[in-house]
Amino acid sequence: MRTFGRNACIAVTLISLTGMAGAADIRVLSVGAVQNAVRALAADFGTETGHHVVLTVGSPAVVTQKIKDGEVFDAVIVSEPAMDRLDKEGVVNPESRVPLAKTGMGLEAFKQALLAAKSVVHGDPTLPNQSGEKAERILVQAGILDALKPRLKIVPAQAASQELIAKGEVEMGLYNVSEIPEGKGLALAGPVPALLQIATSYEGALMSNGSVPEATRAFIRFLANPEARAKWLAARLEPPAER
């Protein structure tokens, strides 16, 4: 497993973004948890370099399936465990891996609030590298999973589960903090207490079969540029500490 500390030197090693021969379309496949920051930074990158980032966003399961189906991308952004697997399978270029940010679980209030809630929703805990898996582990650690089960709803589709909250059909939910859209009938009550927190770290890397490696490498490193910190923080994601 990789840590931010071990990879900080990679994250802040930048190459020139100017003077590249011609504009390129960079096909990036990403999980949804980081999409708000990546979209904003992709726009900045395009303005600065002339390259065009074509972003495809999906759940971890969808991202995995697209890769298995042979769809071609230049870069991928997934959780660290998922990247470890892609690395082992030879799908990504190992030396190109760059840590980008991490996020923790948030609650839409904690332990007493959950126990008092009439209903609680989270994602499918059987799907690896998704928020439902973390949510169940947190409830187990808090010692309240069994008490909540009669009022607990499992909804794999995050948008659908959040819509239940927005409509008042479910009272609370557990999601990655970066995936709670404020102003749509939802409100972030706060993060899960530190003692129960389970963070997910995300990395970017070049795909082994990408067609524009130079431009893609520049984009991945642009995402890890210290000047990108504000965009990550605005999206409720925590970038690596500056060194």
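In this predicted model, a good place to begin is helix α4, which spans residues 80-88 and whose buried residues are E80, A82, M83, L86 and D87. Because these residues cover an arc of only 155° around the helix axis, they lie on the same side of α4. In general, an α-helix has 3.6 residues a turn, so residues three or four places apart point the same way. The cover over the buried residues of α4 includes α3 (60-68), β3 (75-79) and β10 (200-206). Just after the helix ends, G90 takes a positive phi of about 80°.

From this helix we can turn to the interior as a whole. In soluble globular proteins, nonpolar side chains tend to be buried together. Here the largest nonpolar core has 44 residues, among which V76, F219 and W232 touch the most other members. Helix α9, made of residues 213-223, gives the most to this core, contributing six residues. Leaving aside residues up to four places away in sequence, F219 touches I26, V28, V38, L41, A42, F45 and V53. There is also a second, separate core of 19 residues, with M105, F110, V120 and A142 among them.

The last feature to consider is empty space. The largest pocket holds about 790 Å³ of space, and of the 45 residues that line this pocket, A33, P60, Q158, N176 and E179 are the closest to its centre. Helix α6, which covers residues 131-142, gives the most to the lining of the largest pocket, with five residues. Sorted by class, that lining consists of 20 nonpolar, 19 polar and six charged residues.

Definitions and conventions. Residues numbered from 1 in each chain as written. Predicted model: local features only at pLDDT ≥ 70, side-chain atom pairs only at ≥ 80, totals over all residues. Heavy atoms only, no water. Core = buried A, V, L, I, M, F, W, Y, C linked by side-chain atoms within 4.5 Å. Buried < 20%, exposed > 50% of the residue type's maximum accessible area, 1.4 Å probe, protein only. Helix = DSSP H or I, 4+ residues; strand = E, 2+ residues; numbered from the N terminus. Contact = heavy atoms within 4.5 Å. Arc of directions from axis to C-beta. 1 Å grid on protein atoms, 1.4 Å probe; cavity = no way out; pocket = protein on both sides within 12 Å on 5 of 7 lines; lining within 4 Å. Points joined across faces, edges and corners; volume = space filled by probe spheres on them. Nonpolar A, V, L, I, M, F, W, Y, C, P; charged D, E, K, R; others polar.
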